[in-house]
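Biologist: Thanks for sitting down with me. Could we go through this model together, term by term?

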Amino acid sequence: FSRQGYEDPPWQYPAAGYGDGYPYQSHQWQPVAWQDDRDLRQRESYGKSYRDQHYYRGYHPNLATGPPGQDRTQTYSSCEESYISTARREGTGEGTLSSDSGEAGGQPKEPSLLLQYHESGLSSSSHELSQYIRDGADHYDPVLPGSWNVGQTGGPSMSTPTPAVPLKFPELHTALCFGAGGHLVLACPQRPAEGRPPRVELHSLEAILHGTEELEELQAFPGPLAREDLHKVDVMTFCQQKITTGCDLSTQRGRDSSLLWKLLVLLCRQNGSMVGSDTAELLMQDCRRQDKYKRQDPAMGLTDDEWASRQPGTLDLITGEVPPVVETQAQIVEKFTKLLYYGRKKEALVWAMRNQLWGHALFLSSKMDPRTYSWVLTGFTSTLATNDPLQTLFQLMSGRIPQAALCCGDATWGDWRPHLAVMLSNKVGDTELNQRAIVTMGDTLASKGAVEAAHFCYLMADIPFGYFGAKADRMALLGSSCRQAFSQFARTEAIQRMEIFEYCQQLRQPESFLLPFQVYKLLYASRLADHGLPAQALQYCEHIGTALLRRDPAAHPVLARQVVRLAERLKLSDPLLLEMLEQDQELEPDWLDQLRACCREWEVR
């Protein structure tokens, strides 16, 4: 391991092992030439001399630099004197453990073991040793000042020397922590030993975070939403602001998000109740344009020759007349009647279907056999465009899942809103079919990334809310996809929107609440506390605790314990409780006592 320009002793450094009997052997390798001394140590008792040797060898590397033949007792005495001298110098502030103390009388000594390793190129060993030994090899001075002696330290100290403990932090720095009362606690760096008293500063997190987007989003929301304490006009105003400022109506996703907020406004206005026609009107208002659905020629199963023989301008073999190229509505009906004079029902049906007399054709075919009626009905529906909402209605009334429910969300298909509107306004007798069609449409939209549109469909089908991570649950937070990471899923806006929906349900049923949503309200309360709003966070804890007490808190023990833990830290943020604490120091809110008792009962059980 020698390098050019350095002459190192021809020692070998074996790998450390646990069999050598040194607790710190992995950080202080020894030359092979010293291993002969182990026979002497094995014959000695493990008394004070060995402990001193091990102690000085572990914390004072200069002991390891003595020549191999040096007497061990003399080495111990010399090192003990140098260690005591160093400890005395540190007590007076004139030296540190990194000072050279190999010779008590100021004589030059050999470089420390750390320096030797550093100069021999073993940088990794030097780094390991530096974690345990404050050697100061970079500032090594082989000669101590000649004028220095033990008497300069002010005489021998009567106290027993103790080993110097390395500082936990090498430099002064500011220590901080977050307080439950919405404060940032700073312990400023001071030196109390030098007469400067320590100083602790309390800063309001609300003032520090003033102007940030996260704090403004939390402050703008009028939560917690309670039916007794909040007027629904404030909630409707908040929803209108979100539509104006938070939805980009030029994009499809922005329009879908705006539709959800408008639905919440409608629920607030109507106290949480609505019918299909109300929602259909909302859907058509949000539809930017009415698509023009192209009509097609009816599919009647005729050959080209048969179809050509029935075109205007050809001789009619039955009547012997040449029909005009352009016919009026009266002429079309007259021709339909003449065909029936001669008993030509099929030709009359074809004539009515080709000239859009679907009322005449459907009535006539309904009085004939079922196969003919089905043929005319198929011909009628074939004239409609594939993405025409009338197709959706007729397919639903025929007892089938509409094709729109399987293909919506595609740019070539068109807007999904008119199809949902026609299904909501014209429900058939089979309730299960209606729900299945709407849920299928929601699944199709969700598979194409339209989460807000899919959740709108799920709400119309009365799909219950579930939990994040459960594959069988389609919704957990309104307008947020469960396929996202949790940090993106549990956004503040999604929690606020979900709380408004819960508030709308309470307008209709005062005692109702969404149990799966309570954990997100607890998460929202912790965010309020983190942003310096502890009083508002405590109110959320109270609402969650009250909701859990209506059910059995033992059904959700983890949530109940977390609510109790957060509320205990925030309870002094209640100004009413602070006034009452002057009379009773152990006073707590009733709901907190009851919830804690339920948690203890569950733990005992």
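Biologist: Why are α13 and α15 called roughly parallel or roughly antiparallel to each other?

Modeller: The axes of helix α13 (residues 345-354) and helix α15 (residues 370-382) cross at roughly 20°. Angles under 35 degrees count as roughly parallel and over 145 as roughly antiparallel, so α13 and α15 are roughly parallel to each other. Axes here are lines fitted to C-alpha atoms, for helices over the stretch in contact, with angles from 0 to 180 degrees between N-to-C directions. This is a predicted model, where local features need pLDDT of at least 70, side-chain atom pairs count only at pLDDT 80 or more, and totals for chains, interfaces and linings use all residues. Residues are numbered from 1 along each chain as its sequence is written, and side-chain values use heavy atoms, leaving out hydrogens and water.

Biologist: What makes the contact between α13 and α15?

Modeller: Leu349, Val350 and Met353 of α13 meet Thr372, Trp375, Val376 and Gly379 of α15, contact meaning heavy atoms within 4.5 Å. These residues divide into 5 nonpolar, 2 polar and no charged; Gly is counted among the polar ones.

Biologist: What makes the largest nonpolar core a core?

Modeller: Such a core is a set of buried Ala, Val, Leu, Ile, Met, Phe, Trp, Tyr and Cys residues joined through side-chain atoms within 4.5 Å; buried means under 20% relative accessible area, with a 1.4 Å probe and protein chains only. The largest has 95 residues, and Trp416, Leu420, Phe456 and Ile500 have the most contacts inside it. Helix α9 (residues 252-269) gives the most to this core, with 9 residues.

Technical notes
Buried means under 20% relative accessible area, exposed over 50%, partly exposed in between (1.4 Å probe, protein chains only). Helices (H or I, at least four residues) and strands (E, at least two) are DSSP runs, numbered from the N terminus. Angles under 35 degrees count as roughly parallel, over 145 as roughly antiparallel, 65 to 115 as roughly perpendicular and the rest as oblique.
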